[in-house]
Amino acid sequence: MGGTLKTPLTKTKKTKRDNTFIRVTKYSGIRLLSLFFTVVIGVYLTIMIANMGGYVDKIMKGQIRENLATSVRNDPNYQKMAPSAKAKYFEAQVINAEKRLGLDKPFLIRSLRFLWNSLRLDLGQAQLMTSDSGSKTVKLIILERLPSTLLLMGVSNFVLFFSTIILSLILSRKYGSFWDKFFVAASPLSAMPSWFYGMFLILIFASILRILPFGGLIGSPPPKTTGEYILDVLLHLILPASSLIISAFPARVYTWRTFFMIYSSEDYVEMAKAKGLPPQTIRNKYVLRPTLPMIITSFSLMIIGMWTGALITETVFLWPGVGRLIFQAVGMSDTAVIVGTTIIYAYLLAFTVFFLDFAYALVDPRVKIGSSNKA
Amino acid sequence: MKGIKKVFKELKNYPTAIIGLVIISLLIIMAVSTVIFFPYSKAKVLWRGDANSSYLNPINARPVWTNIFRKDKWPESFDVDFLDETKVTREILKNDTDSSENKVITKMTYSFDYNYGAFPQEMLIYFNSQFTNSKPFVEVYVLTPEGRDIKIMGKGITAAETYRFNQDMKLEAKLGEKTALVGLFSTINPKDYREPEVAKGTYTVTIVTQTFEKDNYVDAHLVMHGLVYGLAGTDHKRRDLTTALLWGAPVALLFGLLASVGVSVLSMIISAVGVWYGGFIDSLIQRITEINMLLPFLAILVMIGTFYSKSIWVMLGATILLSIFSASIKTYRATFMQMRNAPYIEAAQTYGASNSRIVFRYLIPRIIPLLIPGLVLSIPGFVFLEASLSVLGLGDPVLPTWGKMISDAYSQAALYNGNYYWIIQPAILLMVTGLAFAMVGFSLDKVFNPRLKEQ
């Protein structure tokens, strides 16, 4: 009797495992494909906008002619040529220059080639911008700006992330206390963007008190020893980082506190309290555990957000990061750089969205990948 | 109607909401009266400048109210037309019109009190005269409170001529101070001989004109550029900043309201349509949302502003388009999904209600309570977005706005040069606007979502 019972049980277990495998593979395949198409369309849209539907080409062609006209005029050989030869020589130079920049092909073809290159992360050459070391390679331009953005966004985001979560956990337990009410009342302060706080911080600490620098990454002249250099960078970091933290802090605390409060008023938490479990256990296993998906989402979106930097805050503080790079690239209508930053951001976001689905399933047993009842 | 009354009744319990509502109503009154009493055509002339009014104002003058905090008051700006009989005494010293010489000598005097602790920025006299061949001759004297009678200038003038005290090198050399006006307004016996000090009291400006032809006349216009001006001060282009402060209100409110209403209503309708029709439309909306979330919002706005147009309407349209397909559409979708199979919808279907009727009469009205707090809460974001775009140099080139003021101040290094008023005034207005909407929004959120309510 026991033997006959055993076989069907193992069989169902096995098919179940197979089903899970097929389901997950199928799901991730479809999901990857759809995300990839999303990235393709998003990047192509960016290319179209950044290129003004081909209008930038006309501007660039005009610029080429103008620049060549001045450079050719200074050429002594050119000055000796006959007028007809001059015109011929000039046109040949223009065609050469247009070929060099790939402007001789129609826009549609160029945009598709641009898309293909971008998707392969071959970001190409910048049209006008150069990195501080003089390179025109987009990858190098972006890489050069990346460390300062990562420093600024990393410091401010990590401080923000952990401080708000810890504070709101404490607040959610001291519901209705003075500090709880204080932070609830302070939450509208986040309506103001970080550059706005930055302005006031500059006003107070740079203009009036004159104890912190107005902006930039390092002072001038740059300090000689490495220790002093690091210290100087940190000094310059204080104001932009605090403006980013201050502006986001109240709203984050409010959201997390409300979130934790909803989760700590669940029946199972009350049950755990009634059982007399220590508060430590209740916090870690009954409140934090179910909120883990949300915490993971927030953390990963924060990591992605670090990439693009804070466009306006970096501009206001003259911080040489990716955000300011985007702004400068747009100002110089350098399509290659704009698309370069967008494509990396898009890829990162898409991958994060993809892996988040799995992360949810790992931390939350209620979520089943690829099953239809998942919201 | 009943619902709105109930909401207001509940809002009364939140002091922050009342403060917010009061501020919003004040802002609306300010915006409406600005549009009515200070029409855009007038503001445009003042803001973009014209030849006649531009030189009357001082450069970078602080607002008058800053004098409250100063022990030694800073001079206020004024201007006086010497044809104005109420302020200027006019005396004809000689009238030879009957003889062949036709010589007329007129003496005009104007007195003003100068009890300030600082020297003026600049003083100018605009001369306007009419003559056929012989130029009129003009002499200017200033009598200081200490009794010094200083001859400022004396020369034949053309039809329109401007005399600037501080640009007169001869006068400067004669008075022997850093600038001509410091020499003119300083006392003979300063407390500290190294520092020039203002001689307080009444100054008298005397202009003596001589004309040599029949029916000639000379008019003089005295302008004093002080260090403070008007309610809000002036900027680097001598523009009165009250223009931008007043006109910033309607622009900010309009941008914030239109953008938030446009975004919330459109995304609500789109998600309702998507949920109701389902299938292809729904998944299309989902895909568009995902694509849109991949696009860097601000970078695209900056691109549109730089490449296409900086007009506030284009920016508003682009903002709405880019914000419709965002995370909020997913929230609405989830809510609509729950309602989709509700019995009352089924009932409507059975009695033959059309699809559009179900979407607009049965689905959407149910979600409005959820929509309103979000709508109000999103207003500050859009108000600040307009300011942010201006700070990036992408503000509407024609409109005077708060963000524009901050942007100008930034490009002129106002914080570095100590012109704090230039940034603080629009910043406070922006802050007050943003906070007011945020306070009302948070309270509305508690009213509509009782789960957040404090017990």
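A crossing of two helices is left-handed if the near helix is turned anticlockwise from the far one by less than a right angle, and right-handed if clockwise. Helices here are DSSP runs of H or I with at least four residues, strands are runs of E with at least two, and both are numbered from the N terminus.

This is a predicted model: local features need pLDDT of at least 70, side-chain atom pairs count only at pLDDT 80 or more, and totals for chains, interfaces and linings use all residues. Residues are numbered from 1 along each chain as its sequence is written, with chains lettered from A and ligands numbered from 1 in the order in which they are written.

**Exercise 1. Work out how helix 14 and helix 15 of chain A pack.**

Step 1. Find the two helices: helix 14 of chain A covers residues 322-331, and helix 15 of chain A covers residues 335-363.

Step 2. Look at the geometry. The angle between them is about 145°, and their axes are 8 Å apart. (Axes are lines fitted to C-alpha atoms, for helices over the stretch in contact, and angles run from 0 to 180 degrees between N-to-C directions.) Using the opening definition, helix 14 of chain A passes helix 15 of chain A in a left-handed crossing.

Step 3. List who touches whom, where contact means C-beta atoms, placed from the backbone, within 7 Å. Helix 14 of chain A brings V322(A), L325(A), I326(A), A329(A) and V330(A), and these meet V337(A), I338(A) and T341(A) of helix 15 of chain A.

Step 4. Sort those residues by type: seven are nonpolar, one is polar and none is charged. (Ala, Val, Leu, Ile, Met, Phe, Trp, Tyr, Cys and Pro count as nonpolar, Asp, Glu, Lys and Arg as charged, and the others, Gly among them, as polar.)

**Exercise 2. Describe the overall build of chain A.**

Step 1. Count the elements: chain A has 15 helices and zero strands.

Step 2. Check the spread. The radius of gyration of chain A is 28 Å, well over the 21 Å that the globule rule gives for 375 residues, so chain A is more spread out than a compact globule. (The radius is taken over C-alpha atoms, and the rule is 2.2 Å times the number of residues to the power 0.38.)

Step 3. Put a box around it: along the principal axes, the C-alpha atoms of chain A fill roughly 105 × 70 × 40 Å.

Step 4. See how much is covered. Of the 375 residues of chain A, 28% count as buried. (Buried means 20 or more other C-beta atoms within 10 Å of the residue's own, exposed means 12 or fewer, and partly exposed lies in between; C-beta atoms are placed from the backbone.)

**Exercise 3. Find what chain B puts against chain A.**

Step 1. Count both sides: 36 residues of chain B are in contact with 42 residues of chain A.

Step 2. Locate the contributors on chain B. Helix 7 (279-294), helix 8 (297-307), helix 12 (355-391), helix 14 (414-417) and helix 15 (420-448) of chain B give two or more residues each. The largest share, nine residues, comes from helix 15 of chain B.

Step 3. Sort the chain B side by type: 28 nonpolar, five polar and three charged.

**Exercise 4. Trace the five-stranded open sheet of chain B.**

Step 1. Write down the order, 2-3-8-5-6, with antiparallel pairing. Two strands pair if DSSP finds at least two bridges between them.

Step 2. Spot the edges. Strand 2 (89-95) and strand 6 (149-156) of chain B each have a single partner strand, so one side of each is left without a neighbour in the sheet.

Step 3. Check the twist: neighbouring strands are turned by 15° against each other on average, direction ignored.

Step 4. Zoom in on one pair. Strand 5 (residues 137-143) and strand 8 (residues 201-211) of chain B share seven bridges, and V138(B) has T209(B) in strand 8 of chain B as its bridge partner.

**Exercise 5. Is A413(B) buried or exposed, and what precedes it?**

Step 1. Start with helix 13 (residues 402-411) of chain B, where nine of the ten residues are buried. Its cover includes helix 6 (241-277), helix 12, helix 14 and helix 15 of chain B.

Step 2. Step just past helix 13 of chain B to A413(B), which takes a positive phi of about 50°. A413(B) is not a glycine, and it lies in the loop between helix 13 and helix 14 of chain B.

Step 3. Count neighbours: A413(B) has 11 other C-beta atoms within 10 Å, so it is exposed.

Definitions and conventions
Two residues are in contact if their C-beta atoms, placed from the backbone, lie within 7 Å.
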